[in-house]
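Student: I am new to this structure. Please take one part and walk me through it closely.

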Amino acid sequence: MGMTDVLIVGAGPTGLVLACDLARRGVTVRIVDRSPAPPRTSRAKGPNPRSLEILDDLGVAEEVLAAGSAPLPMLKYRDRRPLAEADPWADSAPSPDARYDRGWLIAQWRLEGILRDRLAGYGVRVEPGREVVGLAQGRDGGDGGDGGHVDVTYADGQAGRARYVVGCDGAHSSVRKLLGISFEGTTAEDQVMVCGDVDLADGVLDRTRWHQWFDEDGAVMLCPIPGTRTGWWFQAGPERDGRGRPLAPTADGFRRLLAHHTALPGRDLTRAELLSTYRVNVRMADRFRAGRVLLAGDAAHVHAIAGGLGMNTGIQDAFNLGWKLGLVLAGHADAELLDTYEEERLPVAARTLDLTSERLRATLEAIRRPGGGLDTAITPDTTGLGIGYRWSSLAAGDRTPQAERPGPHAGDRAPQAEQPGPRAGDRAPDAPCTDAATGVRTRLHRVFAGPRTTVLGFGPESAAVLRETADAYGGGVRVCRVYAAHEDRAGAEPGAVVDDAGHASAAYGTGASGDTGAGTVVVVRPDHHVGVLAPADDARSVQEYLRRLHGTGRSAERSPGMVDAVR
């Protein structure tokens, strides 16, 4: 079996997003999963706004939106009677800098199917029924030097070899255990929920609502599964035995819970499958990388369900890691770039553990009162749009003391009062604009889409830096001049855009860039985070940053296999 660049272990959303991102970079990828067939599980209720931006970059957001539904208002009951309704998204709307203002409801198996189809378009298919039982790193000690590799042994006795291995194989990760990485934290044995996918008799419940019955002695929650006529997600406090211990979920148990808490007879629940017991686990790996083996998603961190951040944090791990692996494997960046994956994502995971635990506590408190419900778990923090990496060594030029060390709110964007626009490490804002050549409507996140770094130039003085970058890096780095509405666009370069409504200059804090002749240059990483934000006459900062990621120039020419997301 020949050498592959990256072996991904685990074909859930985290592994599939990573595989898609690597495959479009021309990286040779294998993705294996121990399950003999894709699990038909609903589990996570869907991507949050930041994950939707990532899925958009991968070219699958429209399909995900079509296959799911907007999040539903919550109808809350007490003693079987409707008591209150809440729509946590009632006051939110898309904004110029964020196209997606809310998450999306979609069954996890459906999302995984869309990602598997996208991956198959790159000629890569998930290999089912393959369990990894052994990992041995090659002689370079895993430091990423040339010639290094990982030898992989499978349960069926077969072997493989990869330059890098990424464990995306869930909370019980075999990869993490084989590395001997600890998974410290707590399991709350008393915080238990039974879950499953059920069918209810047609028409007995309004499918435009997420129904939540919270009583003093327990709870039942029923959320319609999009794309089905009678399918619902069922979540409930468990039945308990005479000693108060939770009983395992069964179809008949679900019927008894339904009859006890709701006005529906148990017989209205006609089918129950994929039954499981959920316990609140709050655990995190003490490191996300051991040489040439890395961890992502639930293999690296698990936390309380409140806020729906589990799958989303994994998708965002994958998007942080994919471009870094791609640049290292292409020989453009040193292997130490991979250290920034843990440097950036471990504090975010730690903050997410704190955030979800706090939201769970607040929700458990809220549901004790009539009218309380799961809307308590939904806050601006749960959109993912505020997550940034100001403390990162990749946040060039942002060496303020508070940026050096992630504090208790690592991963949150700090209040923006100190200066307009993002700082290095922050998510790069979106903004509507038009193509300078065609006048067709577009947006900055569409400019960023695909597997490349982008350099934005605001103001006439940015033209020289953009030219220098294009000459040095060719197609490997995308350059984009952002013209103010009043600027002369004669001879505009291909790919230039017009900030016709001023949203881009407002989002990036560049002011009316054409008025003074001053300019700003912004380097945007492939994962939509700002690397450098510098005056147009500071070409050195821009070039030093690009050299770190892309090498010294034409050697960094675009890899022949690299393909932009198909639109």
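Tutor: What follows is a close look at one sheet, with some background on the chain around it.

This is a predicted model: local features need pLDDT of at least 70, side-chain atom pairs count only at pLDDT 80 or more, and totals for chains, interfaces and linings use all residues. Residues are numbered from 1 along each chain as its sequence is written, and side-chain values use heavy atoms, with hydrogens and water left out.

Start with the whole chain. The protein chain holds 14 helices and 22 strands. Both are DSSP runs, numbered from the N terminus: helices are H or I with at least four residues, strands are E with at least two. Of its 567 residues, 56% count as buried. Buried means under 20% relative accessible area, exposed over 50%, and partly exposed in between, with a 1.4 Å probe and protein chains only.

Now the sheet. It is open, has 7 strands and shows mixed pairing. The order is 17-16-20-19-18-21-22. Two strands pair if DSSP finds at least two bridges between them. Strand 17 (441-443) and strand 22 (530-535) stand at the edges. Each has a single partner strand, so one side of each is left without a neighbour in the sheet. From one strand to the next, the twist averages 30°. Axes here are lines fitted to C-alpha atoms, for helices over the stretch in contact, and angles run from 0 to 180 degrees between N-to-C directions.

Look inside the sheet next. Strands of a sheet pair through backbone hydrogen bonds, either parallel or antiparallel. Strand 18 (residues 453-458) and strand 19 (residues 477-484) run parallel, joined by 6 bridges. Thr453 stands opposite Val477 in strand 19.

Then go to the loop between strand 21 (520-524) and strand 22. His528 is found there. Its phi is near 70°, a positive value in a residue other than glycine. His528 is buried, with a relative accessible area of 1%.

Finish with the cysteines. A disulfide is a pair of cysteine sulfur atoms within 2.5 Å. By this rule the count comes to 0 disulfides. Cys480 is in no disulfide; the nearest cysteine sulfur, that of Cys433, is 7.0 Å away. Cys480 counts as buried, at 1% relative accessibility.
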